Amino acid sequence: MSGPAGDRPGAAETPILGALRGHRVYARRWVFLLVLSLLSCSNATLWLSFAPVADRIVQYFHLSTEQINWLSLVYLAVSIPFGVVAIWVLDFVGLRWATILCAWLNFAGSVIRSLYCMDIGTQDPFAFLMGGQSLCALAQTLVIFSPAKLAALWFPEHQRATANMIGTMSNPLGILVANLLSPALVKKEEDIPLMLGIYIIPAGLACLLATACLWESVPPTPPSAGAACSTSEKFLDGLKLLVRNKAYVILAVCFGGGIGVFSSFSALLEQVLCVKGYSNVSQLQGQTVALAVICSLFGLFGFSVAPVAMELAVECSFPVGEGAAAGLIFVLGQAEGVLIMVLLTALTVRRAEPSFSTCQDGQGPLDWKVSVLLMAGLCTLFTCFLVFFFHTPYRRLEAEASASPSIQEDVCPAVEDHTPHLAAMPEALRWDPMTPSTDAAGSSGAAHS
């Protein structure tokens, strides 16, 4: 557990004390990663559980297509004001309590969404659906950029990218699950209560694990020099540094735009496809393979850049806290997503000519040609701008590299004078302070002198 600032690992300690204490990893870091990944996956399934079967949701609850869109759009809208609060919670309240709060919000939201189907006598299903989605949206702000924080605090340098990748990719995995599971469960309108109930199960499991299995926000001993210096900037000072960091701003705008495009595409996909004859299982006449390849490539490259971008955000903004570095990009991405989604829907027009439309919302089919072309243009613009203008040093890696020689300069010379054959060994193995030895005592005195 973390104590006062002066007792925290890495706080105002001398190089020789850092060498004596060393860095350590704990097996329970994988439990934390598992809980966070399950929670992120569950939250993503709740976000897009309605979108793949939007036409049947419209008929079952007697809602409009615009109301169904808002069940997805609320995730983006809520995350803009509350995302900044979530950044503060992550950096200063702690990763454990932020994750537990997120788990309970996610579970409560999943339950509230299904209350209308429990025959409690209400006449307004949209209030329950929107209320539940809003709580899940609040939970998303706490979980979506937590992987970067978890990787920095609990994992050593050679595992940080892997941990960040696992935690970050669990969110798109949830999107994939929702797009496959919702159409598979909802064959007819009467299956919608079953779908809502199924999505409660992973949310409840994540809530139970988070409450019972997470004991502390930071490990007793940091796994790396970077973890010892985590969140070294004050909250507002950190935000100011981020805004003034040219490389970070470019990354935030470009990758945030990618988040916005992908969020809009995921939420509107079923409405775009049904106009051309797609069903919820996505079967366009004669182009099934092309559809599968295009969507797979879009997901492959879109998802794979996410953990890389989160790591870059932390590297180019160090020593700003990981929550702030990753979180501000996410908040900006959600803001761009709202604008893009509103713009895409505004550019659609009703089709007058006959079509193969399988849309079951009771209205004429929409023409999405201009909207899809705009989305492709935005993807191209953001990509080119990032490639040509984003350049940054890896500040966290440089800080860790500069910390190691300082320890060696103080400790190694005295050890090497007495035991030259240990010079090639790793620093942690050159001197064991628990072994009584006149050489060890002499080297300690030389180091302190």
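Does Val249 count as buried, exposed or partly exposed, and at what relative accessibility? I would like to begin there this morning, and to work outward from that residue to the rest of the chain, bearing in mind throughout that what we are looking at is a predicted model.

Val249 is found in helix α12, and with a relative accessibility of 34% it counts as partly exposed, because that value falls between the 20% under which a residue is called buried and the 50% over which it is called exposed. If we set aside its neighbours within four places in sequence, Val249 is in contact with Leu242 and Val243. You may also want to find Phe390 on the screen, since Val249 and Phe390 are 141 residues apart in sequence and yet 9.2 Å apart in space, going from C-alpha to C-alpha.

Let me step back now to the whole chain. The protein chain has 18 helices and two strands, and of its 449 residues 49% count as buried. Its exposed surface comes to about 20600 Å², and carbon and sulfur atoms supply 68% of that area. When we take the contacts between residues at least 6 apart in sequence, 83% of them join residues at least 24 apart.

With that in mind, we can turn to the interior. The largest nonpolar core has 71 residues, and the ones with the most contacts inside it are Phe145, Leu150, Tyr248, Leu251, Phe255 and Ile329. The helix that gives the most to this core is α12, which spans residues 246-275 and contributes ten residues. Take Leu251 as an example: apart from its neighbours within four places in sequence, Leu251 is in contact with Gly256, Ala309, Leu312, Ala313, Ile329, Leu386 and Phe390. There is also a second, separate core of 33 residues, which includes Phe50, Val74, Phe262 and Phe303.

Leu150, which I named a moment ago in the largest core, also belongs to the buried residues of helix α7. This helix covers residues 146-154 and is mostly covered, with nine of its nine residues buried. Among them are Lys149 and Trp154.

Next, let us look at how some helices pack against each other. Helix α2, residues 29-47, and helix α8, residues 157-185, have axes that come within 6 Å and cross at roughly 25°. This makes α2 roughly parallel to α8, because an angle under 35 degrees is counted in that way. The crossing of α2 past α8 is right-handed. On the α2 side the residues that make the contact include Trp30, Leu33, Cys41 and Trp47, while on the α8 side they include Ala163, Ile166, Gly167 and Gly174.

Helix α8 has another partner in α9, which runs over residues 192-213, and here the axes come within 9 Å and cross at roughly 140°. This crossing, too, is right-handed. The residues that meet are Val177, Ala178, Leu181, Ser182 and Leu185 in α8 and Met195, Ile198 and Tyr199 in α9.

While we are on α8, please look at Arg160, which is found in that helix. Is Arg160 buried or exposed? Arg160 is buried, since its relative accessible area is 3%. Beyond its neighbours within four places in sequence, Arg160 is in contact with several residues, including Ala151, Ser224, Glu311, Glu315, Arg396 and Glu400. The last of these, Glu400, lies in helix α16, residues 395-418, and is itself buried, with a relative accessible area of 7%. Glu400 and Glu157 are 243 residues apart in sequence, although their C-alpha atoms are 9.3 Å apart in space.

I will finish with helix α3 and what follows it. Six of the eight residues of α3 are buried, so this helix is largely enclosed by the rest of the structure. The buried ones are Ala54, Asp55, Arg56, Ile57, Val58 and Phe61. Just after α3 comes His62, in the loop between α3 and α4. What is the phi of His62? His62 has a positive phi of about 55°, although it is not a glycine. In contrast to the buried residues of α3, His62 is exposed, with a relative accessible area of 70%.

How values were computed. Residues are numbered from 1 along each chain as its sequence is written. This is a predicted model: local features need pLDDT of at least 70, side-chain atom pairs count only at pLDDT 80 or more; totals for chains, interfaces and linings use all residues. Side-chain values use heavy atoms; hydrogens and water are left out. Buried means under 20% relative accessible area, exposed over 50%, partly exposed in between (1.4 Å probe, protein chains only). Helices (H or I, at least four residues) and strands (E, at least two) are DSSP runs, numbered from the N terminus. Contact means heavy atoms within 4.5 Å. Accessible areas come from the Shrake-Rupley method with a 1.4 Å probe; for residues, only the protein chains shown count as cover. A nonpolar core is a set of buried Ala, Val, Leu, Ile, Met, Phe, Trp, Tyr and Cys residues joined through side-chain atoms within 4.5 Å. Axes are lines fitted to C-alpha atoms, for helices over the stretch in contact, and angles run from 0 to 180 degrees between N-to-C directions. Angles under 35 degrees count as roughly parallel, over 145 as roughly antiparallel, 65 to 115 as roughly perpendicular and the rest as oblique. A crossing is left-handed if the near helix is turned anticlockwise from the far one by less than a right angle, and right-handed if clockwise.
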